[in-house]
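I opened this notebook to record what I looked up in the structure shown below. The entries follow the order in which I worked.

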Amino acid sequence: MNFDFSDDQKLLRDQARKFLFDKCDRKSVRTVLDDDQLHYHKELWSQISEMGWTGTAIPEEYGGLGLGMLELCVIAEELGRSLAPTPFSSSIYLFAEFIKNYGSEDQKKRFLPSIASGEKIGTFALSETNGTPKPSNVKTKFSSGKINGYKSPVSDGESADYLIIAANSDDKGNRNSLSLYIVDLNQNGVSKKSLETIDPTRPACSINFENIEAEILGEQGMAWDMTENILNRAAVLYSFEQVGGAQVSLDEAKKYSMERFAFGRQIGSFQALKHKMADMYVKIELARSNAYYGAWALSTDSNELPVAAAGARVSASDAFNYAAKENIQIHGGVGFTWDYDCHLFYRRSKLLSLNIGSTRQWKENLISNLEKRNIV
Amino acid sequence: MDFNDSQQEAAFRKEARDFLEANAEKRSIISDKPNDKSPQIAVAGAPETVKGGKEAAQEALERAKVWQKKKAEAGFAAILWPKEFGGYGGSPIQQVIYSQEEHDYLVPSGYFEIGIGMLGPTMMVWGKDEDKKRYLPKMITGEEIWCQLFSEPSAGSDLAGIKMKAEKDGDEWVLNGQKVWTSGAHFADYGMIVARSDPSALKHKGLTYFYLDMKTPGIEVRPIKQISGTSNFNEVFFNDVRIPDSQRLGGEGEGWKVALTTLMNERLAVGDPPGLDFDQIFEATKELEVEDGLAIKNSEVRQKMADWYVQSRGLQYTKFRSITALSKGQTPGPELSISKLVTASKMQDVSAYALELMDSSGMVHHDQNPVLKNLFQNGYFFSAAMRIAGGTDEVLRNIIAERVLGLPQDERADKKVPFNELPSGKN
């Protein structure tokens, strides 16, 4: 058994960690937090693109590095640790994966190279209303070659050049009525409206479509199946980001508890706090192990992926949400000030656990996939 | 990343599987056989409850000894022990592989783990050559069973607070006092004991370690009745028990050091936690009905099931990470410290929730219980013990905080004061 990353992958991790430690410090994160007009850190984005991170799992023939999904997991964990304010997840875990897995040869050639180079940004949107997305509440429509409708929230929508959406391709309004379409956002008829998010370093907007051009992605009527698969793949990558963020939340809680004195001793020597941090550690280790299993399923195209991805996602959301909120608690009063960094993790943890579907939705996915697996 | 065995590992696994297939019966998730007790609920030294009184217990013990002898002859009883003492001379990864395979079979457990896992290794480090030759091989074959006499009424989590008196008299020692929570003392042939030889020394300095024959005059074993109604543990009383100085392990006053050798092996010995887990409640939810139909179709149930699933599999995959470290010859990471902490509470939560799902029939706890054979009723009681035995939840969290995370130790009142001047709450 070899349930670990390889030495090369660990080397990649160390390099990524060192790079982000230098180039993505908290000051960089806060430039995006504090400026409403700034949707991502452009300098950081072009640097990580130049290093090829954006093309990690994109084949060389389409301008990528041609490495595997495990390497992308490694990068994801580091992006999560550093709270990198970039559209990486939207453009790479979602848009690029959709094109890579379901695009025609021509679409791969047209879209992937500029995504791999970071020159263009893509994203994906499913939701149109509050609550859990389901086929019946997709109202956006494709007819006579044009899209009309609305999506919200669209992560990184304001930075994005391309968008993949689900839209009805007939009038029946069921699961098989939905197809996926690639939309060039730089055209007339696309109107974007900024939305403030709980983590402004990961922005979103709403987008209205009026008679816009679009091309179909993959088979007609297969939007929901394709989306489920890509969200499973993305869930593994998100879980690595979450594990990364959770680990730093614990590290910072620990550091503070050893520097801060009360009642004549380090607050980290009080059992009430030690036990809280032990609980963070347990949740993080469970999440890390579940994420590893997800990584294995993802990298081997195993039919375990739906269960493995949901397990990784549920466990990682639990770990990061817990670590981020208890990090504030351990910091006491300063923990809820703007100046201290605790809220950056608190914001990011909740945003990540909602972004590709809530924890409760993923728990439901997990159990229904376990039921399916048992029947098979 | 892969789950494949190396060639040697695969060969060893086959050897283990062949042995088990030829000699043991496979276990099921929830068995429908009336007398089948799977999934087994047992901890090291505390064999699964045997109903039917002393005779049945004696029979179960004999069965266990027969099994152990077979296992020893095949070489699997003490995989980590050196060959000279009858062990397999194997590696930690081989131990893990064997345990994984054995986990799928219904085999007796709870009798020999403490000896082979903890006390044998202590004797290897601290015992004289003739002791090792005399005692170790019979420990493996199950011919002689050993128990660990450490905890006392006033020394539980604070184990070094031992009060058992050891007074020297010529080349003999005289033991007086009481031990408690001694698993298996009622069937053990030998025991290892820590006692206080110098009450005026500092707490950790005044202890001495011995082994002894459990039939030595002056030893009285009384079972403790637990909340489950069964007795897996004992109180052991020592009344002028005389043992020769030759049965001392380590120097006078070095008892704590020797005890640490034993304890370091504890978490390895406890091994695979008993099986009342996600898989069992998942099966149960497919049978039990709640207000809107089968429990598994209820969304509250599903949400809870997902939490237990990720805990359960998270532990399993954490173990895979440890196995990977072992197979590369590295020290395993966090697995040993988090496993029991997570497992015990999970079992308690799963059991309590399963009773909820049974509604009022969850109250029923007797042999004829038609619903899932008392599995969750037993788990409800057993899990309360599991959160305490072998390190309480709180001690385990301290261990994680201090040894894994490197947080500061607690301030302690007992470090610089002679043992007999420490406040004990009774004087």
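The entries below begin with the chains and their domains and then turn to helices and a single residue.

**Entry 1: status of the model.** I note at the outset that this is a predicted model.

**Entry 2: chain B as a whole.** I looked up the secondary structure of chain B and found 12 helices and 12 strands. Chain B has 427 residues, of which 41% count as buried. I then asked how far apart in sequence its contacting residues lie. Among contacts in chain B between residues at least 6 apart in sequence, 71% join residues at least 24 apart.

**Entry 3: domains of chain A.** The domain assignment divides chain A into domain 1 (7–119), domain 2 (123–221) and domain 3 (224–375). I took the second and third of these as a pair. The C-alpha centres of domain 2 of chain A and domain 3 of chain A are 29 Å apart. Where they touch, domain 2 of chain A contributes 13 residues and domain 3 of chain A contributes nine. I sorted the domain 2 side of this contact by class and recorded six nonpolar, four polar and three charged residues.

**Entry 4: domains of chain B.** For chain B the assignment gives domain 1 (7–141), domain 2 (146–268) and domain 3 (273–404). Between domain 2 of chain B and domain 3 of chain B, I found the C-alpha centres to be 32 Å apart. Here six residues of domain 2 of chain B contact nine residues of domain 3 of chain B. By class, the domain 2 side of that contact holds one nonpolar, three polar and two charged residues.

**Entry 5: the contact between the chains.** How many residues does each chain bring to the contact? I found 37 residues from chain A and 37 residues from chain B. On the chain B side, helix 9 (299–327), helix 10 (335–358) and helix 12 (393–404) each supply at least two residues. Helix 9 of chain B gives the most, with 17 residues. By class, the chain B side comprises 20 nonpolar, nine polar and eight charged residues.

**Entry 6: helix 9 against helix 9.** I next examined helix 9 (residues 305–331) of chain A, whose axis comes within 9 Å of that of helix 9 of chain B, with a crossing of roughly 100°. The two helices are therefore roughly perpendicular. Gly311(A), Val314(A) and Ser315(A) meet Ala306(B), Tyr309(B), Val310(B), Arg313(B) and Gly314(B). I classed these residues as four nonpolar, three polar and one charged.

**Entry 7: a helix pair within chain B.** The axes of helix 1 (residues 7–23) of chain B and helix 3 (residues 92–102) of chain B come within 9 Å and cross at roughly 35°. I recorded this crossing as right-handed. From helix 1 of chain B, the residues involved are Glu9(B), Phe12(B), Arg13(B), Ala16(B), Arg17(B) and Leu20(B). They meet Ile93(B), Gln94(B), Ile97(B), Tyr98(B), Glu101(B) and Glu102(B) of helix 3 of chain B. By class, this contact has six nonpolar, one polar and five charged residues.

**Entry 8: Met280(A).** I located Met280(A) in helix 8 (residues 271–299) of chain A. Is Met280(A) buried or exposed? Met280(A) is buried, because 27 other C-beta atoms lie within 10 Å, and 20 or more suffice for that class. Beyond its neighbours within four places in sequence, Met280(A) contacts Leu250(A), Tyr322(A), Ala323(A) and Glu326(A). I also checked Ala324(A), which is 44 residues from Met280(A) in sequence and 9.3 Å from it in space, C-alpha to C-alpha.

Methods
Residues numbered from 1 in each chain as written. Chains lettered and ligands numbered in written order. Predicted model: local features only at pLDDT ≥ 70, side-chain atom pairs only at ≥ 80, totals over all residues. Domains from an automatic or database assignment. Contact = placed C-beta atoms within 7 Å. Nonpolar A, V, L, I, M, F, W, Y, C, P; charged D, E, K, R; others polar. Helix = DSSP H or I, 4+ residues; strand = E, 2+ residues; numbered from the N terminus. Axes fitted to C-alpha atoms, helices over the stretch in contact; angles between N-to-C directions. Left-handed = near helix turned anticlockwise from the far one by under 90°. Buried ≥ 20, exposed ≤ 12 C-beta atoms within 10 Å, placed from the backbone. Parallel < 35°, antiparallel > 145°, perpendicular 65-115°, else oblique.
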